[in-house]
Amino acid sequence: MVRYLLKRIAISIVTIFVILFILFLLLELMPGSPFNDAKLSPEQIQVLDEKYGLDKPVYERFFSYVVNIFKGDLGVSYSLSQDTPITTLIKTRFPVTMAIGLSAMLLGTIGGLLIGFLTSFFKKKWMNAIYHIFTILGIAAPSYLIAIGLSFLIGYNFEWLPLLYDFREPVLTSIMPAVALAFPVMAVVARFARAESDEIMKSDYVLLARCQGLRRRTIIFRYVVRNSLIPVITTMGTLLVGLLTGSLVIEQMFSIPGIGQLLTNAIESNDYNVVIGLCFIYSLIYIVVMLIVDLLYCVIDPRVRLTGKQKA
C-alpha cells in the first residue's frame, strides 16, 4: 500500500512539472506582453524584459522557475502588483476562496446525501417530485444564475444579507456565495447517492441480510450507506477542486477578493508569472485532493486496500 501511494505521488509530481512546461510554452506563444503600457518606449520594455529574465529562452526560464519552486519562490508580479511576491498575493486571497469553497462543499455534500438517501429509503411521491425538480434545476442551472436569484431576492428585495463581500463581516457576506456554489454540488451528490443506494438495496447481500432477520436500520447504515459513499467520494473530489478553482464568476459577482478574481485580473493584464503561479497552485490542489480520495477509498472499502497491496 505504501509503495502504491509513493508511486502515485511520484506520478503526480511529474504531472505537475509537465503542466508547468506546457503553460510556459502556451504563454510564450500568446500575443502581447506584461508591459503593454503605451507610455513605455521599446528601450524601456527591453530593460524590463532583462530585469525579469523574459529575454532568456523559454527552457532556461522554465528550469530556473522549477528550481525556485523548491525554494518556495513563485516569483513576483510583473504588472498587476509590480514586484510583489506572488506568494504574498496568494496568502492574502487563498484563505477567502478556501473558506467559501469548503463551506459550499460541506453544505452541498450534507444536503445532497440527505436528499439522496431520504428519497431512496422513503418512497413518497411528493418527495420524488421534489427530488426530480431539485436535481434537474441544480444540474441545469449554473451557479451564477443561482447567485443572481439569491442576490435579487435575499440581498436586494428583502435586504437580509449584504450584496457584496466585506472583510468586516466575512461570515455574513459569505452565505450567498457559498449557497450559490453549493446548489449544483447538492444536486450532483443527491443523484449519485440515490442511484447507488437504490442499486445496493437490490443487491444479493442486502437480500441475504434481510433473510437473516437484520433490522432495516441496521442494513441501511451497515451496508447501504457505507457502500454508497464510494462513488460519492469520487464525485466530491472533483467537485471540491471545481469549487476552489472554478468560482471565478461568483467571486466577480460578489466582489470576493479570492484567487479566482486574482487569476482573472492577471489574465487581463498579461501578468504571466501570476497566471503560472496560480495554475501551479490549482494543479497542486487537484492532485492532493485526488490522493486524499484514494486514501478515503481504503478507509471505506477494505477491498480497495487489498487491491492496492496486490498491485504494490
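## Exercises on an all-helix chain

From the N terminus on, the protein chain runs α-α-α-α-α-α-α-α-α-α-α-α-α. Residues are numbered from 1 along each chain as its sequence is written. Keep in mind that this is a predicted model, where local features need pLDDT of at least 70, side-chain atom pairs count only at pLDDT 80 or more, and totals for chains, interfaces and linings use all residues, while side-chain values use heavy atoms and leave out hydrogens and water.

**Exercise 1.** Count the helices and strands, then box the chain.

- Step 1: the chain has 13 helices and zero strands; helices (H or I, at least four residues) and strands (E, at least two) are DSSP runs, numbered from the N terminus.
- Step 2: along the principal axes, the C-alpha atoms fill a box of roughly 85 × 60 × 30 Å.

**Exercise 2.** Check the span of H4 and find where H4 bends.

- Step 1: the expected span is 1.5 Å times one less than the number of residues. With 36 residues, H4 should reach 52 Å, and its 50 Å from first C-alpha to last is close to that.
- Step 2: H4 bends by about 35° at Arg93, with Pro95 following within four residues. The bend is the angle between axes fitted to the seven residues ending there and the seven starting there.

**Exercise 3.** Describe how H4 packs on H7.

- Step 1: H4 (residues 86–121) and H7 (residues 175–201) pack at about 35°, axes 6 Å apart. Axes are lines fitted to C-alpha atoms over the stretch in contact, and angles run from 0 to 180 degrees between N-to-C directions.
- Step 2: the contact of H4 with H7 holds 19 nonpolar, nine polar and two charged residues. Here Ala, Val, Leu, Ile, Met, Phe, Trp, Tyr, Cys and Pro count as nonpolar, Asp, Glu, Lys and Arg as charged, and the others, Gly among them, as polar.

**Exercise 4.** Work out what lines the second largest pocket.

- Step 1: a pocket is an open set of points on a 1 Å grid over the protein atoms alone, where a 1.4 Å probe fits, with protein on both sides within 12 Å along at least five of seven lines; lining residues have an atom within 4 Å of a point.
- Step 2: the lining includes Leu113, Phe117, Phe121, Arg216 and Ile220.
- Step 3: H4 and H9 (216–245) each supply at least two lining residues, and H4 gives the most, with five.
- Step 4: by class, the lining of this second largest pocket has nine nonpolar residues, no polar and one charged.
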